[in-house]
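Thanks for asking me to look this one over. My notes follow as numbered points, so you can go through them with the model open beside you.

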Amino acid sequence: MFENAKPCRCLLFEAGQADMARAVAEYVASLDEAIRTPEESYRARLDICRECPELVSGTCRLCGCYVETRAAKRGQKCPMVPARWTKMT
């Protein structure tokens, strides 16, 4: 039945994981502004993740993180080699 199913290249809420999406959104909102990625860069990072072949239902298959949490922290980098995020704060 699921033999031809393609993995969901989407973020948590879009993947039907509303409870986890809310928990992650609360976590991101609680981050100190000194470490939080500016909103424009955060959105750009997530747009890049949405196009990544390693994204499956909100999780990065390379590092196992929820991409929304990784993208929210200014000092984090994309784990792909070469990295898909470039010089984003």
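1. Let me begin with S57, which sits in the loop between β1 and β2 (59-60). Its phi is near 50°, a positive value in a residue other than glycine. Please keep in mind here, and in every point below, that the model is a predicted one.

2. Now for the overall layout. The protein chain has 3 helices and 2 strands, and from the N terminus on they follow the order α-α-β-β-α. Buried residues account for 31% of the 89 residues. If you take the contacts between residues at least 6 apart in sequence, 63% of them join residues at least 24 apart.

3. Which residues touch the most other members of the largest nonpolar core? They are V28, Y42, L46, V67, A71, A72 and W85, out of 19 residues in that core. The elements giving two or more residues to this core are α1 (18-30), α2 and α3. As background, nonpolar side chains in soluble globular proteins tend to be buried together.

4. V67 deserves a closer look, as one of the core residues just named. This valine belongs to helix α3. Is V67 buried or exposed? With a relative accessible area of 5%, V67 counts as buried because the cut-off for that class is under 20%. Setting aside residues up to four places away in sequence, V67 touches L11, L46, C49, L55, G58, T59 and C60. You can also trace the separation from V67 to V24: they are 43 residues apart along the chain, and their C-alpha atoms are separated by 9.8 Å.

5. W85 is another of the core residues listed above. Leaving out neighbours within four places in sequence, W85 is in contact with R45, I48, C49, R70, A71, Q76, K77 and C78. When you display this tryptophan, those are the partners to show with it.

6. On to the enclosed space. The structure holds 1 cavity of 30 Å³ or more, and the volume of the largest cavity is about 110 Å³. Its lining is made of 15 residues, of which C49, C60, V67, C78 and P79 are the closest to the centre. Two elements, α2 (39-50) and α3 (67-72), give two or more residues to this lining. By class, the lining divides into 12 nonpolar, no polar and 3 charged residues. V67 thus appears both in the core list and among the residues closest to the cavity centre.

7. The largest pocket has a volume of about 200 Å³. Of the 13 residues that line this pocket, A25, Y42, R43, L46 and E68 are the closest to its centre. Both α1 and α2 supply at least two residues of the lining, and α2 gives the most, with 5 residues. The pocket lining has 8 nonpolar, no polar and 5 charged residues.

8. Cysteines are likely to catch your eye, so here is how they stand. How many disulfides does the structure hold? The count is 0. C49 is in no disulfide, and the nearest cysteine sulfur to its own, that of C78, is 6.4 Å away. C49 is buried, with a relative accessible area of 10%. C63 is in no disulfide either, and the nearest cysteine sulfur, that of C65, is 3.1 Å away. The 3.1 Å separation lies outside the cut-off of 2.5 Å, and therefore this pair is not counted as a disulfide. C63 is partly exposed, with a relative accessible area of 33%.

9. One backbone detail is worth checking on your screen. The peptide bond from V81 to P82 is cis, with omega near -5°. P82 lies in the segment after α3.

10. Last, a residue at the surface. E51 lies in the loop between α2 and β1 (55-56). At 61% relative accessibility, E51 counts as exposed, because that class takes residues over 50%. E51 and R84 are 33 residues apart along the chain, and their C-alpha atoms are separated by 9.9 Å.

Conventions
Residues are numbered from 1 along each chain as its sequence is written. This is a predicted model: local features need pLDDT of at least 70, side-chain atom pairs count only at pLDDT 80 or more; totals for chains, interfaces and linings use all residues. Side-chain values use heavy atoms; hydrogens and water are left out. On a 1 Å grid over the protein atoms alone, a cavity is a set of points where a 1.4 Å probe fits but cannot get out, and a pocket is an open set with protein on both sides within 12 Å along at least five of seven lines; lining residues have an atom within 4 Å of a point. Grid points are joined across faces, edges and corners, and a volume is the space filled by probe spheres set on the points. Helices (H or I, at least four residues) and strands (E, at least two) are DSSP runs, numbered from the N terminus. Ala, Val, Leu, Ile, Met, Phe, Trp, Tyr, Cys and Pro count as nonpolar, Asp, Glu, Lys and Arg as charged, and the others, Gly among them, as polar. A nonpolar core is a set of buried Ala, Val, Leu, Ile, Met, Phe, Trp, Tyr and Cys residues joined through side-chain atoms within 4.5 Å. Buried means under 20% relative accessible area, exposed over 50%, partly exposed in between (1.4 Å probe, protein chains only). Contact means heavy atoms within 4.5 Å.
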